[in-house]
Structures are given as C-alpha cells and as structure tokens.
Amino acid sequence: MLDQTYPRNLRLLNSRDFRHVFDQTQWKVFCPGFLLLAAPGRTTETRIGFVFSKKNIRLAVRRNRFKRIFRDSFRRHHHQLPPVDILVLAIKEANLTNDQKLSKNLSRVWKQLNQRIGSDPI
RNA sequence: AAAGUCGGCUGGACAGUCGCUGCCGCUUCGGCGGGGGAGGAAAGUCCGGGCUCCGCAGGACAGAGUGCCAGGUAAUGCCUGGGGGACGUGAGUCUACGGAAAGUGCCGCAGAAAACAAACCGCCGAUGGCUGGCCUCUUCGGAUGUCAGAUCAGGUAAGGGUGAAAAGGUGCGGUAAGAGCGCACCGCACGGGUGGUAACACGCCGUGGCAGGGUAAACCCCACUCGGAGCAAGACCAAAUAGGAACCCUGAGGCGUGGUCCGCGCUGGGUUCGGGUAGGUUGCUUGAGCCUUGGAGUAAUUCAGGGCCUAGAGGAAUGACUGUUCACGACAGAACCCGGCUUACAGGCCGGCUUUCGCU
C-alpha cells in the first residue's frame, strides 16, 4: 500500500523553512500560473508550502481552491519524490488557469521535478 | 389569469473510496473507532457596541459626525411607528426633512430688468402745458368755460414677450388707464382655540392687504454626540547566543611570550536572579446565542416557561476521485465576538396587497 496521507510533517511550517527554500533554491519548474522552487530537504521528508498573494489571485476562494488541488496531487505523488522542500509561488497568470487545467498539469510537474533533481543531484 | 408591488425562505441531492482537522473513547503510544467541520452575504471595513491595554478624558480651541417627532435597543448614523414634502390610477416608493430676518460666495442662456428693484412693447394722458372749434365777456391784445386732437411732462404694471423664478390667484367694484386701491372667496403671516405625548393638523376664531428669488451633501450659524489604540489587543511559560546584577571560589590560578625560571601583558570559573528573542500555551468560542410555547405591544421589540450546544484553524482544516440523479448548480471562504448598513448573486419556492380582464 502506497503512503498517500498528508500529515503535518510534510508541510513547511514556519518562516525559517520558507527562507531556507528561497535562499537555497536549486531546482525550478514552471507550471502555467505557478512557479515551483525546490531546495535540499531540511528533514528526511518531502515537504511543500505555498505563497499565494492576494495581489496575484484576488479571490480567497480561488486561493484556497488552488492550494487544495496542489495538496491533493502532492499527497498522491510525494512518495515518488526525494526528500526536498518545495515552495509553490503564484504568479499573475494564475488568474488565467482553472481547476481542471491545473490538476491535469500537476502529474507532469512532479515528473519534471524528479528529472531535474536526477540530472542535478545535491 | 396577466401586469405590478412589498415581505420571507432556499442556495443541488444520495452512495462509495482516498485525504485534512479539532472533540470524545480505546490504545501494545505505531494507531484504531465514533460523531462534528464556512456564509446569506463568511465580502466591503462604512457605522454602533462587547472585550483588552494605555489611561482616568476638567476646561478651551480645532476636527469629525448627526440634524421632523415618538418609541425600540447594550448602542447606533440602525430598526419600528407617526408627521411634512415629492412621485404613482393604486398597492406603494423616495426624502441630508434645523437656520437664507447674522455675514460671505455663486446663479449659464434668454430677457428691458435677476433684487434697498426696474420699465422694452403696450395701456392711459384724469392733472399741468400745446394746437384747433364753439359759447360768453372784452380795453379787441386776449380771458373764462367747454369739446376735440396730438402725446411734451407724466401716470401705470392689468396684458404681451423671456425665464426654473419677475412683489399671490379668481371674480366684482373702481379708474384717465390701472393697481389689495376697495370687497368676497381661496392662499399667506401673526395671535388664539381645538385635537394629538410630540412632529403636526384643522371646512374653528381674530388681526394684518400681506412675508419678498434660489442655493447651506457652498463657506457658515445653531443644537446635540465623540479620550486613544486594537486579538499582530492582552496574559502566561520559556531554550540557544550576547550582555546585566548579586553571591561564592581562585588570585602561588588560567592564557600569551619563552627551551625553562623570573619578568612582562591579558583576565577567569561556578551558582542564583531579573529582563527577554526563537518557539509554545492562552485569549478562542456559552453568546446582547439558537429552537419552541405562551403573554404584552399597531410594530421594532420585550417578558416568562421548556429544550439545545451548532466550525475554532494557525504558512492556516472543511478537499479530490468515481457512480446515480435533477430544475445541471450564482455570488463567493470563518481568522476575537456580536448588532446594523452597503455591495455581489444562476435558478427555485411561499405569502400579503394593488390595478385590469374573465368566470360564478
């Protein structure tokens, strides 16, 4: 049975975690509307965090929705990924995408991230 | 039935699988099970409170807000009822609704004139003058009277015309023509009376021929209200590092220089305490609460009895997928909590009332 849960230790929890990813960014992956930054993990787990500003996604409903789609996809795929810390940034084009497009893109995104890490190891 | 108007409700449903989260129970501390988990606007943050801290807010000035009356409320700029005004056949809707007789500013175009009024066209020309006819008188120059004409002085504001607005309207009298000039009725102002808690109303009485443009969401004047900051408020626990205080120990110590000693240079260790950063706990959901029955009140609301506990996260949960189904699903996500207002909103449902038409 694959581990598809999403407990607390798979999330970036405080500003130190976030600062770490920003300062130590080693891999980047684009996804329409979003930019993923990744850095070597500070723990033995693969972790994820979000920076969605009101400036880029105006409605709170849409911000929540995108996070949930990301989180759900992440909990299904995180077992494929090495222990890195991932940060998802929303950019202005996030307004142009929608739920279906995003969830479609995501399985490709994880694969792409895995390749980047494989070709440029820690 | 159609059109309209006012008010209220609702905001896909069901099942399965995989997740998240706080609560309860069990636990071999790995987890397992159970039952909770966004809104009518959670939104804008525009008002009013509770709560917390600063503080103790007395006066003056400034500033902001409110502005018909009564009631409701913890409170309000909100709500309910009432009054005035405007709109609509009507149900109803709208109303920032104190003061223009304290002062200042502004008022396009048109028009003769836009404010201690004035007089373009028009009307009149009684009165004073001018010209002519006639009567009477005559000192033969004229004088008096009367009639007519022109309209010089002048009178007038009814009519025309301009405008949103030009010193109230209609009628009769009056006059040279006119005019509140006089009178009647309507309107207006003031005083009184009656009704109403009051705003205010009156087919009531009296007095006065009669207020003198608009604009105060322009300045302003008047009356009333307002201490400041906000849950990142505030309270508690508290590493590591640096620094501080007190006490104790050492000062023949330790480190450096040096081959070693002397010498020279620099100062240490321990315990406790308070402040306090990261971080954690709390504030954090039982409340001006919801449902229901009955009473008071036109209503807002309130009183009494019974029942219920209904999100509480924290880089921030409430989601994803699959199937069935229907009217194919709008606006939109809690962040200390309430009461309002405002704005957004696919559909659907219910009720009151009005107008028109049809039937009995």
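This briefing describes a protein model, its contacts with RNA strand B, two of its helices and several single residues.

The model is predicted: local features need pLDDT of at least 70, side-chain atom pairs count only at pLDDT 80 or more, and totals for chains, interfaces and linings use all residues. Residues are numbered from 1 along each chain as its sequence is written, chains are lettered from A and ligands numbered from 1 in the order in which they are written, and side-chain values use heavy atoms, with hydrogens and water left out. Helices (H or I, at least four residues) and strands (E, at least two) are DSSP runs, numbered from the N terminus.

**The surface near RNA strand B**

- A residue is near a strand if one of its heavy atoms lies within 4 Å of it.
- There are 23 residues around RNA strand B, and those that come nearest are Leu12, Asn64, Arg65, Arg68 and Arg75.
- By class, this surface has 10 nonpolar, four polar and nine charged residues. Nonpolar here covers Ala, Val, Leu, Ile, Met, Phe, Trp, Tyr, Cys and Pro, charged covers Asp, Glu, Lys and Arg, and the others, Gly among them, count as polar.
- At least two residues of the surface are supplied by each of α1, β3 (47-51) and α2 (60-77).
- Helix α2 gives the largest share, nine residues.
- Sugar or phosphate accounts for 68% of the atoms of RNA strand B within 4 Å of the protein, and bases account for the rest.

**Polar contacts with RNA strand B**

- A polar contact is a pair of N or O atoms within 3.5 Å; within protein, one must be able to donate a hydrogen and the other to accept it, and residues adjacent in sequence count only if both atoms are side-chain atoms.
- An N or O atom in the side chain of Arg68 is 2.7 Å from a phosphate oxygen of the strand.
- An N or O atom in the side chain of Arg75 is 2.7 Å from a base oxygen of the strand.
- At Val61, a polar backbone atom is 3.3 Å from a phosphate oxygen of the strand.

**Helix α2**

- The 18 residues of α2 reach 26 Å from the first C-alpha to the last, close to the 26 Å expected at 1.5 Å a residue. The expected span is 1.5 Å times one less than the number of residues.
- The buried residues of α2 are Arg63, Phe66, Ile69, Phe70, Ser73, Phe74 and His77. Buried means under 20% relative accessible area, exposed over 50%, and partly exposed in between (1.4 Å probe, protein chains only).
- Seen down the axis of α2, these buried residues fall within an arc of 135 degrees, so they line one face of the helix. The arc is that of the directions from the helix axis to the C-beta atoms.
- An α-helix has 3.6 residues a turn, so residues three or four places apart point the same way.
- The cover over the buried residues of α2 includes β2 (34-40), β3, β4 (84-90) and α3 (99-119).
- Ala60 also lies in α2, and counts as partly exposed at 41% relative accessibility.
- The C-alpha atoms of Ala60 and Phe74 are 14 residues apart along the chain and separated by 21 Å.

**Helix α1**

- Asp17, Phe18, His20 and Val21 are buried in α1.
- Seen down the axis of α1, its buried residues fall within an arc of 155 degrees, so they line one face of the helix.
- The face turned away from the buried side carries the exposed residues Ser15, Arg16, Arg19 and Asp23.
- The buried residues of α1 pack against β2, β3 and β4.

**Single residues outside the helices**

- Leu12 is placed in the segment before α1 and counts as buried at 8% relative accessibility.
- Not counting residues up to four places away in sequence, Leu12 touches Asp17, Phe18, Val21, Arg47, Ile48, Gly49, Asp85, Ile86 and Leu87. Contact means heavy atoms within 4.5 Å.
- Pro7 is found in the segment before α1 (15-23) and is partly exposed, at 35% relative accessibility.
- Lys54 is placed in the loop between β3 and α2 and is exposed, with a relative accessible area of 60%.
- Lys54 and Ala90 are 36 residues apart in sequence and 9.7 Å apart in space, C-alpha to C-alpha.
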